[in-house]
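Please look over the sequence and the model shown below before reading on. The paragraphs that follow go from the overall architecture to individual side chains.

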Amino acid sequence: MRQNKGLASLKNMKKVLGLTILTFLIATPALAGETFVRNEWTNSHSRTVTDLNIDSKTISNRYEKYSTTADKLSIQGRIIPGKTGISSKAYEDYTVHRSSSKLEGKFNEDIVTRVLGTVKTYTDVYTESHETTAGIR
């Protein structure tokens, strides 16, 4: 009976060993490569500072020259048609009025514009990334 117990125990050990080998083969990756897991975090920060100095000068000129003339001629009284000659009675009761005016001038304008200053710019950039990779090498 003792031999039966030993045989049974040996059979059980063979079963356990067989199951262990089978489990090992199933759990092991194909081609017996090395497995890896990569977990990478990246945090970065950058800052840009810009000073823009402005010194701008604009010069503009405007020149104008103008002339205006006005004439007016009017006759008061009457002129009798058909009569000629200065001493004739055709020109007795009339008056000639003439007026004229003239305006001349020029205009000069010089403008100088200057802009001075500084423009400051601050730029902050924050970046965060995460990468996870797994596989067999």
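How many helices and strands make up the secondary structure of the chain? There are one helix and two strands, where helices (H or I, at least four residues) and strands (E, at least two) are DSSP runs numbered from the N terminus, and along the sequence they follow the pattern α-β-β. This is a predicted model, in which local features need pLDDT of at least 70 and side-chain atom pairs count only at pLDDT 80 or more, while totals for chains, interfaces and linings use all residues. Residues are numbered from 1 along each chain as its sequence is written, and side-chain values use heavy atoms, with hydrogens and water left out.

For the chain as a whole, 2% of the 137 residues count as buried, a class that requires under 20% relative accessible area, whereas exposed means over 50% and partly exposed lies in between (1.4 Å probe, protein chains only). The chain exposes about 12800 Å², of which carbon and sulfur atoms supply 55%; such areas come from the Shrake-Rupley method with a 1.4 Å probe, and for residues only the protein chains shown count as cover. If one takes the contacts (heavy atoms within 4.5 Å) between residues at least 6 apart in sequence, 82% of them join residues at least 24 apart.

Turning to the surface, Leu52, Ile54, Val115 and Val119 form a nonpolar patch with about 300 Å² of accessible area together. The elements giving two or more residues to this patch are strand E1 (35–77) and strand E2 (94–136). Patches are built from residues with over 30% relative accessible area and no salt bridge, like charges being joined within 9 Å and nonpolar side chains (Val, Leu, Ile, Met, Phe, Trp, Tyr) within 5 Å. Leucine 52 lies in strand E1 and counts as partly exposed because its relative accessibility is 47%.

Glutamine 76 also belongs to strand E1, and its relative accessible area of 48% makes this residue partly exposed. Its C-alpha atom is separated by 5.0 Å from that of threonine 95, although the two residues are 19 apart along the chain.

The charged side chains come next. A search of the whole structure finds seven salt bridges, each defined as a side-chain nitrogen of Lys or Arg within 4 Å of a carboxyl oxygen of Asp or Glu. One of them joins glutamate 109 to arginine 62, with the closest N and O atoms 3.4 Å apart. Because glutamate 109 lies in strand E2 and arginine 62 in strand E1, this pair ties together parts that are 47 residues apart in sequence. Both partners are partly exposed, glutamate 109 at 27% relative accessibility and arginine 62 at 38%.

Another salt bridge is formed where the side chains of lysine 102 and glutamate 104 meet, at 3.2 Å from N to O. Here lysine 102 is exposed, with a relative accessible area of 57%, and glutamate 104 is likewise exposed, at 54%. Elsewhere, salt bridges that share partners join Arg38, Glu40 and Glu131 into one network. Within that network, the side chains of arginine 38 and glutamate 40 meet at 2.6 Å, N to O; arginine 38 is partly exposed with a relative accessible area of 34%, and glutamate 40 is partly exposed with 33%.
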